[in-house]
Amino acid sequence: MAQPDSKKVFFENLTGAGKAIAVLTSGGDAQGMNAAVRAVVRMGIYVGAKVYFIREGYQGMVDGGEDNIKEATWESVSSMLQVGGTVIGSARCKEFRSHEGRLRAAHHLVEKGITNLCVIGGDGSLTGANLFREEWSGLLAELVEQGLISQDSSQKHSALHIVGMVGSIDNDFCGTDMTIGTDSALHRIIEVVDAIMTTAQSHQRTFVLEVMGRHCGYLALVSALACGADWVLIPEMPPEDGWEDKMCQKLSANRAGMKRLNIIIVAEGAIGRNNKPITTDYVKDLVVKCLGFDTRVTILGHVQRGGTPSAFDRILASRMGVEAVMALLETTANTPACVVSLCGNQSVRLPLMECVQMTQEVQKAMDEKKFEEAVKLRGRSFENNLRTYKLLAHRKPESELPVSNFNVAILNVGAPAAGMNAAVRSAVRVGISEGHKMFAVSDGFEGLYKGQIKEIKWADVGGWTGQGGSLLGTKRTLPAKHVDKIAEQMRLHNINALLVIGGFEAYLSLLELQEARGTHEEFCVPMIMVPATVSNNVPGSDLSVGADTALNAITSTCDRIKQSASGTKRRVFIIETMGGYCGYLASVGGLAAGADAAYIYEEPFDIRDLQSNVEHLTEKMKTSIQRGLVLRNENSNENYTTDFIYQLYSEEGRGVFDCRKNVLGHMQQGGAPSPFDRNFGTKISAKAMQWITKKLTETFRQDEGRVFANTEDSCCLLGMRRRNLVFQPVVQLKDDTDFVHRIPKEQWWLKLRPLMKILAKYRTSYDVSDSGQLEHVVRNRPKESDASVAM
């Protein structure tokens, strides 16, 4: 349950009364920009400020006029959360680059009383905003001199405050984990790759795919990691001389290993060591000439920019929009222009020009052929992605592998979750690369005590990243009742370490096995758990593999359900989500889908709360809103069931709106894993496997010729905590766990619930003690962008 915190700071004393905030989108569009615009408008209005749209980016600011700079209302941003692109328009403006253009823009802002700008765009747009801010006092002086504004007006609007949000599908802005639009672009790429794989397999074809990224290879690299591509070409790390032969050898070896297709991903800005472009046609001609494979080229182009924003991008943009308004309210004349972003799941504010300078340094390093430095400047996440890809995609010859003589078993425990197979593939390949013999256990601990154990090889896990569910099979059986048989099987197969991938049952299993060490020495081996459950209810980790895929299923279904009422009379939908007693899916799904309320166990509610919600929705329906959305976690309350809430809303809303209900059920567990879950599963599992190797080395007793590990820190959970991936002994997590309701006692995402309420027009208290503080950009800041989420 959420505990009251005397250290909380609330934002009620931060007021926007008398302030005017303008929001614009500039440069290339990106999915999620509309969610950011919506959050800025609603949060600005909520705190009492006037909020303006500036249409067509800087062009609208330069041109001015009522159509280009228009006051926004609460209703003017309704139904835009799920829309891709930017509904207020974006344009590249040459005039704003001139002093005369900026002078006209300043005049138009002063006319409206605007001194606070929220700019959503790339580094060029944000650099322009900073220049505008630096010139502001000089521009006002010129306007006074020309008689266009009065001296009083100049003094009243003496300072211009700028806050930026990075909207770019390339994720090419240093200092931020993920830019708005990147995750959605990855969704588009992976959808295409998954579709291409089926036709490529049918005809035994090789496909060369070009993805966006003129100066940054993030999309190419992460999509290659997410689909298990055979080869990837990116601008930051051009291939070594002679790469053509190595690539063809690898493609040929994969075909010889019974693989029926090859995927090569090329960033549009891919270059060789000589800085000359590597094109998709060049790669295709090379494969045809050297190998004679039937090869096709697919250029994804602007497909990557389009479509509905993912759940991740909606949540990221909503959080950043609110944070941007907070930053503008707190700014002073001496505060530098800043960018709001996330590091891990924490809000951060970074000096805008520090980020821009480091972004420019990356390009400078690439121009000077300092490619290792360019990769480092991109950040630890980019480096980690590249290292992980090389580890999993390129198998070393047997002669180069270390010989460890250790046997490591992998099993899935609990309910299936999308991304489990990507985690298994990663663990198997990293384990083999480190010289271990890897064993797959079918059907969890039930399969382990029945002896369903077999060795699993490198090629056995090919193509697993995009598969949903659990290919190993998974059961909820706990080991306590079968410890004798499990110990016997571990002795029989000489298992030296265990990697358990699963949810709350996996956590309970490790606690039971640690307890059993006192009576069975077979369990005195390194054991580690990777959290994988749609419920995201595992203590010790802010995120679990599978939760992002479930969120996307909820969000896309809610979009369709709301659209089904388009053009009909006013309607409210009651949607039931999974999660057991954990309200993560209902709360965060509600934020992503634009829900009016989300009922969860962690935040108790009674009939008065229900009545208040009905009245609130009734009032909104009478004015303008045509559709309402209410989410309910399946175990939020034993008496206020989904049926009860449906009947209550139907009765109390009679004459104003009608009601429909929908139980989403197991569709939240199914489907192909999202790009995030594929990469999170891949990276966290690789890290877990490296921990196992380290522990095996540390605990191997040379004199006895065996592994013996019985300390607390040899039985761990690897979880995402705030900004980092952290190894935590499971015993130490017991005090943090509500075992009755199978949830952690403290859950970070509860702080997001007020955001959903504010954006749904409720008056509420918002805890800003975790709000972003201005930090400085540090080279190689510890950031794990695919293990850290803005959720």
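In which helix do Phe 676 and Phe 680 both lie, and how many residues apart are they? The legends below, which describe a predicted model, take up this pair after two other views.

**View 1. An open sheet of 4 strands with a helix packed on it.** The strands are arranged in the order β7-β8-β6-β9, and their pairing is parallel. Because β7 (231-233) and β9 (295-299) stand at the edges with a single partner strand each, one side of each is left without a neighbour in the sheet. From one strand to the next the twist averages 15 degrees. Strand β6 (residues 206-211) is joined to β9 by 5 bridges, and Glu 210 has Ile 299 in β9 as its bridge partner. Helix α9 (residues 280-291) touches β6, β7, β8 (262-267) and β9, and its direction makes about 170 degrees with that of β9.

**View 2. An edge-to-face aromatic pair formed by Tyr 584 and Trp 749.** The ring centres are 6.1 Å apart, with 75 degrees between the planes. The pair links distant parts of the chain, since Tyr 584 belongs to helix α19 (residues 584-593) whereas Trp 749 lies in the loop between β27 (743-744) and α23 (753-759), 165 residues apart. Tyr 584 is buried, with a relative accessible area of 0%, and Trp 749, at 1%, also counts as buried.

**View 3. A tilted aromatic pair formed by Phe 676 and Phe 680.** Both residues lie in helix α22 (residues 675-699), 4 residues apart, which is about one turn of the helix. Their rings are 5.6 Å apart centre to centre, with 40 degrees between the planes, and both Phe 676 and Phe 680 are buried.

Key. Residues numbered from 1 in each chain as written. Predicted model: local features only at pLDDT ≥ 70, side-chain atom pairs only at ≥ 80, totals over all residues. Heavy atoms only, no water. Pairing = 2+ DSSP bridges. Helix = DSSP H or I, 4+ residues; strand = E, 2+ residues; numbered from the N terminus. Axes fitted to C-alpha atoms, helices over the stretch in contact; angles between N-to-C directions. Contact = heavy atoms within 4.5 Å. Phe/Tyr/Trp six-rings, centres within 6.5 Å; stacked < 30°, edge-to-face > 60°. Buried < 20%, exposed > 50% of the residue type's maximum accessible area, 1.4 Å probe, protein only.
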